[in-house]
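Here's a quick walk through one protein model, written for someone who likes cut-offs spelled out. Have a look at it first, then read on.

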Amino acid sequence: VATWIENFLFSFTVLVGLDQRVERRKKGYSANVPPDHNVVCLVEVTPVTNNNSDDAATTVSYTEQIVGIAELSWQPPDPTRNAPPFVLPYFAKDIISRFIPSNGGATNDKEDERKVPKGYVSNVLTWKSRRGLGYSRVLMAALEGIARRWGCDDIRLHVDADEVSGKVARGLYWSLGYEAVPDRGNNRVGYEWMGPSMANRGLYLVEGVPLLYLRKSLNEDVGMQ
């Protein structure tokens, strides 16, 4: 019974969060309120040839299938927290960001002076049968482009720290220029078994799960173009 209740509450929370995102996209954003969420869908279009036996004419139609999704949002720069399943207004994220304690070096002094929401990537997913085709890179390029349009100076994300299950995702982000935000504070207790080097690779325990916290400077990326 406890498991059923837990699964029901989780599903309900996720549905509420998705409904909030859809409603916000329908209403749009005012000039005074910056957009706080954007979900990108990658659609694969396939031509289908239809033969008409009556007049021997051949027509072509197209089928569409969503093969990948990814999400960009403004989130407080807290390496020990994931983005919540529900949507918070930007002003609430701004207030939360100001009260995030320093973790002894996870950010540099300049960033500590500017504790404001940062662009945050989450839910980068591709259909299992379409993996290995570069679709994740397309999704990331789209999110980084949106982040620049929002005025983000950098973009951040969490990724699975497991050497097996997180290997492909970590390789993707590192190849795109994402770097670890190292934990030099007192948050290391609990994952010494993964080795001392993992702390310098941005390892944090997020709700009991070891995740790497990575960032990429969009200003440097623009300067290289």
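Which strand gives the most to the nonpolar patch? S2 does, with 3 residues. Before going further, the ground rules: this is a predicted model, where local features need pLDDT of at least 70, side-chain atom pairs count only at pLDDT 80 or more, and totals for chains, interfaces and linings use all residues. Residues are numbered from 1 along each chain as its sequence is written, and side-chain values use heavy atoms, with hydrogens and water left out.

**The surface patch**

The patch consists of Val 43, Val 45, Val 60, Tyr 62 and Ile 66, which together have about 470 Å² of accessible area. To be in a patch, a residue needs over 30% relative accessible area and no salt bridge; like charges are joined within 9 Å and nonpolar side chains (Val, Leu, Ile, Met, Phe, Trp, Tyr) within 5 Å. A salt bridge here is a side-chain nitrogen of Lys or Arg within 4 Å of a carboxyl oxygen of Asp or Glu, and areas come from the Shrake-Rupley method with a 1.4 Å probe, with only the protein chains shown counting as cover for residues. S1 and S2 each supply at least two of the patch residues. Strands (E, at least two residues) and helices (H or I, at least four) are DSSP runs numbered from the N terminus. Tyr 62 sits in strand S2, and it counts as exposed because its relative accessibility is 56%; exposed means over 50%, buried under 20%, and partly exposed in between (1.4 Å probe, protein chains only).

**The cores**

Now for the inside. A nonpolar core is a set of buried Ala, Val, Leu, Ile, Met, Phe, Trp, Tyr and Cys residues joined through side-chain atoms within 4.5 Å. The largest one has 27 residues, of which Leu 72, Met 140, Leu 157, Tyr 173 and Tyr 178 touch the most other members. At least two residues of this core come from each of S1 (37–51), S2, H4 (135–150), S4 (154–160), H5 (167–175) and S7. H4 provides the largest share, 7 residues. There's another core apart from it, of 6 residues, including Tyr 120, Val 181, Tyr 204 and Leu 211.

H4 itself behaves as expected: at 1.5 Å times one less than its number of residues, its 16 residues should span 22 Å, and the end C-alpha atoms are 23 Å apart, which agrees. Its buried residues are Tyr 135, Leu 139, Met 140, Leu 143, Glu 144, Ile 146, Ala 147 and Trp 150. Right after H4 comes Gly 151, with a positive phi near 95°.

**Positive phi outside glycine**

Two other residues have positive phi without being glycine:

| Residue | Phi | Location | Relative accessibility |
|---|---|---|---|
| Asn 123 | about 55° | strand S3 (residues 118–126) | 45%, partly exposed |
| Glu 207 | near 55° | loop between S6 (203–206) and S7 | 72%, exposed |

**Two residues and their contacts**

Contact means heavy atoms within 4.5 Å. Leaving aside neighbours within four places in sequence, Arg 81 is in contact with His 158 and Val 206. Arg 81 lies in the loop between S2 (58–75) and H2 (90–98) and is exposed, at 52% relative accessible area. Its C-alpha atom is 8.7 Å from that of Leu 205, 124 residues apart along the chain.

Ser 217, in strand S7 (residues 209–217), is buried at 14% relative accessibility. With the same neighbours set aside, those within four places in sequence, Ser 217 contacts Asp 153 and Asp 154.
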